[in-house]
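Here's a structure you may not have met before. Take a look at it, and then we'll walk through it piece by piece.

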Amino acid sequence: MNVEGFRWYDPSKKNGEKKVPLKISRKEYWRMVRGAFAAYAPMIICIVVAFLVVFGLAYLWLS
């Protein structure tokens, strides 16, 4: 729904104009992928470490 006042309201859709997708090079694409990985890596590492700690504690408790 393209209703005025909504956050996602886009007046260009009302006129029938289409947005042109950005042209990025292969090098820029891989730089963006590396940047996204660098942003998510600390959280992924924390989750893996927490899982290993819980697994280790369960192993010690149940043995």
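The accessible surface of the chain adds up to about 6,600 Å², and 70% of that belongs to carbon and sulfur atoms; such areas come from the Shrake-Rupley method with a 1.4 Å probe, and for residues only the protein chains shown count as cover. What you're looking at is a predicted model, where local features need pLDDT of at least 70 and side-chain atom pairs count only at pLDDT 80 or more, while totals for chains, interfaces and linings use all residues. Residues are numbered from 1 along each chain as its sequence is written, and side-chain values use heavy atoms, with hydrogens and water left out.

Of the 63 residues in the chain, 5% are buried (buried is under 20% relative accessible area, exposed is over 50%, and partly exposed is in between, with a 1.4 Å probe and protein chains only). As for secondary structure, you'll find two helices and zero strands; helices (H or I, at least four residues) and strands (E, at least two) are DSSP runs, numbered from the N terminus.

Now follow H2. This helix has 37 residues and spans 51 Å from first C-alpha to last, close to the expected 54 Å (1.5 Å times one less than its number of residues). At tyrosine 40, shortly before proline 42, H2 has a kink of about 40°, the bend being the angle between axes fitted to the seven residues ending there and the seven starting there. Just one of the 37 residues of H2 is buried, so the helix lies largely in the open.

Back up a little to isoleucine 24, in the loop between helix H1 (11-14) and helix H2 (26-62). Isoleucine 24 is partly exposed at 43% relative accessible area. Together with Leu22, Tyr29, Trp30, Met32 and Val33, Ile24 makes a nonpolar surface patch of about 640 Å².

What about the rings? There are two aromatic pairs (ring centres of Phe, Tyr and Trp, its six-membered ring, within 6.5 Å; planes under 30 degrees apart are stacked, over 60 edge-to-face, the rest tilted). Tyrosine 29 and tryptophan 30 pair edge-to-face, with 5.2 Å between centres and 75° between planes. Tyrosine 29 is partly exposed at 42%, and tryptophan 30 is partly exposed at 44%. The other pair is phenylalanine 51 with phenylalanine 55: their centres are 6.3 Å apart and their planes at 20°, so this pair is stacked. Both phenylalanines sit in H2, four residues apart, about one turn of the helix, and both are exposed.

Technical notes:
Patches are made of residues with over 30% relative accessible area and no salt bridge: like charges are joined within 9 Å, nonpolar side chains (Val, Leu, Ile, Met, Phe, Trp, Tyr) within 5 Å. A salt bridge is a side-chain nitrogen of Lys or Arg within 4 Å of a carboxyl oxygen of Asp or Glu.
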